[in-house]
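Please open the structure in a viewer and keep the sequence panel visible beside it. The tour proceeds by selections, each followed by an account of what is found there.

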Amino acid sequence: MSIIILLSSICRLLIDFLISPEIKTHSQPTPFLVVLGNVQDGGSPHIGCAKSCCAVLWEEPDPQRKVTCLGLVDPVNEQSFIFEATPDFPKQLKALRMFAPFQKDGIPNGIFLTHAHIGHYSGLMYLGKEALNSHQTAVFMPKMQFF
Ligand SMILES: [Zn+2]
Ligand SMILES: [Zn+2]
């Protein structure tokens, strides 16, 4: 995939997301990105926040507000990838599967982690035997071999 196609896909999806944050379907047989979350690591409402930005959300959480995450869907090669394993990982995987119905087990071909903040790796816990019990999910995490 060329960088121009990737960048144009990002721009298109960001514009779509800003105009209307609900999930949309795409029919083009080209790789595309899906914005699955755009909230800071701590989530929303944010722990410890008593300001007006979160006051209402404690009473009425907004299901659209999920921690930063992107999905990459390649319908031509029938592959999908997710960038970040967030605390909202189960819901984001389900949302990604709506765009990648060919992914029969619902597990993407790979998980990319950009850095070692809790909003980016904590979702890996759902791969454990207590949850998904996945043994073959590829996790790419440059400079994070420690984890
Ligand atoms: Zn707040
Ligand atoms: Zn972070």
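The stops below concern a helix, a group of aromatic rings and a metal site, in a model that is predicted.

**First stop: helix α3**

Select residues 89–99, which make up helix α3. Which residues of this helix are buried? They are Phe89, Gln92, Leu93, Ala95, Leu96 and Phe99. Because these residues cover an arc of only 165 degrees around the axis, they lie on the same side of α3. Now turn to the other side of the helix, where Lys91, Lys94 and Met98 are exposed.

Next, add the strands β1 (32–37), β2 (69–74), β3 (79–83) and β4 (110–112) to the selection. These strands are included in what covers the buried residues of α3.

**Second stop: the aromatic rings**

Keep β3 and β4 in view, and display the side chains of Phe81 and Phe112. A search of the whole structure finds four aromatic pairs. One of them is formed by Phe81 and Phe112; this pair is tilted, with 6.0 Å from centre to centre and 55 degrees between the planes. Since Phe81 belongs to strand β3 and Phe112 to strand β4, the pair ties together parts that are 31 residues apart in sequence.

Are these two rings buried or partly exposed? Phe81 has a relative accessibility of 17%, below the 20% limit, and therefore counts as buried. Phe112, with a relative accessible area of 27%, is partly exposed.

Add Phe83 to the selection. The ring centres of Phe83 and Phe112 are 4.9 Å apart and the planes stand at 15 degrees, so this pair is stacked. Phe83 lies in strand β3 and Phe112 in strand β4, so this pair ties together parts that are 29 residues apart in sequence. Phe83 is partly exposed, at a relative accessible area of 23%.

To complete the picture, select Phe140 as well: Phe81, Phe83, Phe112 and Phe140 form one aromatic cluster.

**Third stop: the zinc ion**

Finally, select the zinc ion (ligand 1). Which atoms coordinate this ion? The SG atoms of Cys49, Cys53 and Cys54 do so, at 2.2 to 2.3 Å. In the sequence panel, the donors follow the spacing C-x3-C-C along the chain.

Inspect Cys49 and Cys54 in turn. Cys49 counts as buried at 15% relative accessibility, and Cys54 is buried with a relative accessible area of 6%.

Definitions and conventions. Residues are numbered from 1 along each chain as its sequence is written. Chains are lettered from A and ligands numbered from 1 in the order in which they are written. This is a predicted model: local features need pLDDT of at least 70, side-chain atom pairs count only at pLDDT 80 or more; totals for chains, interfaces and linings use all residues. Side-chain values use heavy atoms; hydrogens and water are left out. Buried means under 20% relative accessible area, exposed over 50%, partly exposed in between (1.4 Å probe, protein chains only). Helices (H or I, at least four residues) and strands (E, at least two) are DSSP runs, numbered from the N terminus. The arc is that of the directions from the helix axis to the C-beta atoms. Contact means heavy atoms within 4.5 Å. Rings of Phe, Tyr and Trp (its six-membered ring) pair if their centres lie within 6.5 Å; planes under 30 degrees apart count as stacked, over 60 as edge-to-face and the rest as tilted. Donors are N, O and S atoms within 2.8 Å of the metal (3.2 Å for Na, K and Ca); water is not among the atoms, so sites may look incomplete.
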